[in-house]
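Visitor: I'd like a close look at one helix and the parts around it. Could you walk me through it, starting from the chain as a whole?

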Amino acid sequence: MFCQKCKKMDEWSIRRKFIFMLSFIVGMGLIGYLLLVFVYLIPAEYMQKNMIRSARVFEKSTYPQLMGTRNSQLDNWTDALMLLNASHVEESESVFEQAINVKRYKVPDNNPHQTLINIYEDSGTEYIELSYARYWHGYLIFLKPLLALFDYGTIRYILMFFQLGIFVILIVNLVMVNKRIAISTFLMWLFLNPAATMISLQFSTITDITLLAMLGIILGDKHLKNCKFVWNIYFCAIGGLTSYFDLLTYPLVCLGVPLTLWLFFNCSKNAGGGYKQCLTKSIFWAIGYLGMWSSKWILGSVISHTNVIEDALKAIHTDSIGDTAVSAIETIQRNLSASTPLIECIVISEIVLLLVSIVKFKRISWKTIYFIICLYPFMWYLVATNHSFIHFWFTYRNLAVSVYAFAVWTVAAFTE
């Protein structure tokens with residue numbers, strides 16, 4: 001019954017689909033906002049003892065490297081910021097305003113990591129109050145309740161077991177369908193460096209959303225095989241969740257990796273159909289991602305009576321490295337340098353195999369759709385050049401899309 005209703009959605013008129021999509025995005029924004037309002041009802045005073053214990057974890061370093069390499073580097077700068085956001089004590093604003101403004105304390109001339117230590121280890125520290133309204137900060141719906149119960153060290157263990165649990169469930173389900181695709185997924189996860197993503201507040205969100213999205217594709221494949229519009233909505237939802245939880249780390253992974261898996265199970269061997277579905281799902285993901293972000297700016301401007309949109313646009317323009325011009329080539333090289341030598345071999349192999357495919361089939365094989373997805377990270381670096389240059393040590397993870405798409409291409413070649 002449910003499957004039949006989903007298939008009927010494909011027959012809707014364009015106008016009806018547009019209205020549904022608009023309502024869906026507005027609904028995501030309202031639900032996301034109400035969830036934040038709900039957790040802001042938790043008194044921040046409950047979190048202060050755990051914040052004192054958490055401050056001790058940050059005493060060693062702002063950017064510790066677990067394995068002595070860039071790709072194993074943690075981001076205690078942003079983790080501290082997230083904890084300061086979650087534990088901020090506000091007396092002058094209602095919970096409706098707090099959920100929009102997301103304020104925190106800052107010690108002048110100190111980064112969030114230093115601020116957290118100074119505030120909770122030196123009671124005489126002077127600080128100011130800042131607002132961070134341009135992001136949704138959806139992670140707060142989990143972090144605030146957790147911080148009321150546990151300190152940062154314990155929360156890290158919870159993050160680790162949560163990601164491991166999702167990954168094991170995903171792999172078990174993939175093995176029952178295709179062992180080779182399970183191996184490809186394992187390699188992609190290794191490329192992300194789970195040692196870092198499992199215990200970092202900053203890095204865990206994208207990896208967790210990606211793994212959950214993949215699990216949803218596996219579980220829904222049998223029941224929603226031919227429900228194209230429902231899958232469009234699914235990718236729109238993934239994009240919205242990415243925007244809601246992420247602080248602009250490596251969001252492209254939430255598109256490229258689930259999209260690759262979906263194409264493997266649903267793409268016909270007709271090249272045109274494969275490319276069409278790839279483009280459609282990518283567009284719907286972008287609609288969800290940008291739509292959710294825009295809804296925060298609009299909602300924030302209305303509720304806080306400040307121009308959140310202007311603040312967000314200024315932040316985009318000021319995300320630079322001074323007067324030095326940065327080229328896309330330099331950005332790509334910098335991100336490649338933070339990854340493993342494996343990615344360079346993959347890029348060369350992609351070019352060779354693409355040429356072989358053209359020569360062998362005298363046309364572009366339907367499987368070359370995976371090559372298009374392999375290029376997604378490089379397109380991202382062209383658009384977000386400055387951000388990807390500055391933060392290359394974690395934006396390199398976008399290249400996991402290329403790793404996974406290429407690995408799945410090889411699986412598809414063996415299973416044709």
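**A helix and its surroundings**

Guide: Happy to. Of the contacts in the protein chain between residues at least 6 apart in sequence, 79% join residues at least 24 apart. This is a predicted model, and its protein chain has 22 helices and two strands. Of its 416 residues, 55% count as buried. The chain exposes about 19200 Å², and carbon and sulfur atoms supply 66% of that area.

Now to helix α4, which covers residues 76-87. Its twelve residues should span 16 Å at 1.5 Å a residue, and the C-alpha atoms at its ends are indeed 16 Å apart, so the expected and modelled spans agree. Eleven of those twelve residues are buried, so α4 is largely enclosed by the rest of the structure. The buried residues include Asn-76, Thr-78 and Asp-79, and also the run from Ala-80 through Leu-81, Met-82, Leu-83 and Leu-84 to Asn-85, Ala-86 and Ser-87. In general, an α-helix has 3.6 residues a turn, so residues three or four places apart point the same way.

What do the buried residues of α4 pack against? Their partners are the strand β1 (103-106) and the helices α3 (48-55), α6 (112-121), α7 (140-149), α8 (152-177) and α11 (201-220).

Let's take α3 from that list, with Gln-48 as our way in, since Gln-48 is found in this helix. Gln-48 counts as buried because its relative accessible area is 19%, under the 20% cut-off. Leaving aside neighbours within four places in sequence, Gln-48 is in contact with Ser-87, Val-89 and Tyr-120. Ser-87 is one of the buried residues of α4, so here is a contact that links Gln-48 to our helix. The side chain of Gln-48 also reaches the backbone oxygen of Ala-44, at 2.7 Å.

Another partner is α11, where Ser-204 is found. Ser-204 counts as buried, at 4% relative accessibility. Not counting residues up to four places away in sequence, Ser-204 touches Leu-159, Gln-163 and Thr-197. Ser-204 and Leu-159 are 45 residues apart in sequence, while their C-alpha atoms are 7.4 Å apart in space.

A last stop, for the cysteines: Cys-236 is buried, with a relative accessible area of 0%, and Cys-278 is buried too, at 2%. With a cut-off of 2.5 Å between cysteine sulfur atoms, the count of disulfides comes to zero.

Methods: Residues are numbered from 1 along each chain as its sequence is written. This is a predicted model: local features need pLDDT of at least 70, side-chain atom pairs count only at pLDDT 80 or more; totals for chains, interfaces and linings use all residues. Side-chain values use heavy atoms; hydrogens and water are left out. Buried means under 20% relative accessible area, exposed over 50%, partly exposed in between (1.4 Å probe, protein chains only). Helices (H or I, at least four residues) and strands (E, at least two) are DSSP runs, numbered from the N terminus. The expected span of a helix is 1.5 Å times one less than its number of residues. Contact means heavy atoms within 4.5 Å. A polar contact is a pair of N or O atoms within 3.5 Å; within protein, one must be able to donate a hydrogen and the other to accept it, and residues adjacent in sequence count only if both atoms are side-chain atoms. Accessible areas come from the Shrake-Rupley method with a 1.4 Å probe; for residues, only the protein chains shown count as cover.
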